[in-house]
Amino acid sequence: MVSFIQMYGGLSVYRDGDNNNEYYIAAKEKTSPLCDDFDLDYFCSLKNEKVLKLSAKAFLATEQRIPGLGNGVLQDILFTARIHPKRKIADISDDEFKKLYGALKSVLKKMTENNGRDTEKDLFGRSGSYITMFSKNSLLTPCPICGGNKLKENYLGGSIYYCERCQKL
Ligand SMILES: [Zn+2]
């Protein structure tokens, strides 16, 4: 087996049942957003009392609530749904929440079909062919919808990229 680590990471080997790491368990047990089982009903079931006070970023990309959904894929999902990363879940309407679900499914599908994002490389050093709209690669290009400047900020342990005109707080 050949493995590469970039940015941060680790490799461990366990016997079946011995690994109690919560990320590993979540990834194995929770429904992947790429599966058909991850439908609108399932997505809506993730919205409960406990998450109402969380921001959109915290809801989508922390605590392995949605396995594999991290900061890298978050930016284009939130932009597609026109939701500011800091908007509170409690302030997001049912219609917007549905739109967020649609954005999550469609953006992840496009990223997967294109062998990943242009910001990342595969094992052979080839960049993905999904062109990110909001990332370090595209920060200086104008917003594809309004033509305004994109913003970058540090928030919850990572950079957020957004358009303040299209994604109102
Ligand atoms: Zn915009």
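The exercises below walk through a zinc site, several salt bridges, the cysteines and one loop residue of this structure.

The model is predicted, so local features need pLDDT of at least 70 and side-chain atom pairs count only at pLDDT 80 or more, while totals for chains, interfaces and linings use all residues. Residues are numbered from 1 along each chain as its sequence is written, and side-chain values use heavy atoms, with hydrogens and water left out.

**Exercise 1. The zinc site**

Find which protein atoms are the donors of the zinc ion, and work out why their arrangement is called tetrahedral.

Step 1. Donors are N, O and S atoms within 2.8 Å of the metal (3.2 Å for Na, K and Ca), and since water is not among the atoms, sites may look incomplete. By this rule the protein donors are the SG atoms of Cys143, Cys146, Cys163 and Cys166, which lie 2.2 to 2.4 Å from the zinc ion.

Step 2. Along the chain, these donors follow the spacing C-x2-C-x16-C-x2-C.

Step 3. Four donors count as tetrahedral if all angles lie between 85 and 135 degrees. The arrangement here is tetrahedral because the four donor atoms subtend angles of 100 to 115 degrees around the zinc ion.

Step 4. For accessibility, buried means under 20% relative accessible area, exposed over 50%, and partly exposed in between, with a 1.4 Å probe and protein chains only. Cys143 is buried at 3% and Cys166 is buried at 15%, whereas Cys146 is partly exposed at 29%.

**Exercise 2. Salt bridges**

State how many salt bridges a search of the whole structure finds, and describe where the partners of Lys47 and Lys86 lie.

Step 1. A salt bridge is a side-chain nitrogen of Lys or Arg within 4 Å of a carboxyl oxygen of Asp or Glu, and the search finds seven of them.

Step 2. One of these joins the side chains of Lys47 and Asp94, with an N to O distance of 3.7 Å. Lys47 sits in the loop between H2 and helix H3 (56-61) and Asp94 in helix H5 (residues 94-113), so the pair ties together parts that are 47 residues apart in sequence. Helices here are DSSP runs of H or I with at least four residues, strands are runs of E with at least two, and both are numbered from the N terminus.

Step 3. Lys86 forms a salt bridge with Glu153, and their closest N and O atoms are 2.6 Å apart. Because Lys86 lies in the loop between helix H4 (71-80) and H5, and Glu153 in strand S1 (residues 151-154), this pair ties together parts that are 67 residues apart in sequence. Lys86 is partly exposed at 27%, and Glu153 is partly exposed at 25%.

**Exercise 3. Disulfides and Cys44**

Determine how many disulfides there are, and which cysteine sulfur is nearest to that of Cys44.

Step 1. A disulfide is a pair of cysteine sulfur atoms within 2.5 Å, and by this rule the count is zero.

Step 2. Cys44 is in no disulfide, and the nearest cysteine sulfur, that of Cys35, is 18 Å away. With a relative accessible area of 35%, Cys44 is partly exposed.

**Exercise 4. A loop residue**

Decide whether Asp36 is buried or exposed, and say where it lies.

Step 1. Asp36 is in the loop between helix H1 (22-29) and helix H2 (40-45).

Step 2. Its relative accessible area is 72%, so Asp36 is exposed.

Step 3. Asp36 and Lys105 are 69 residues apart in sequence, and their C-alpha atoms are 9.7 Å apart in space.

Definitions and conventions. Tetrahedral: all angles 85-135°; square planar, octahedral: opposite > 155°, others 65-115°.
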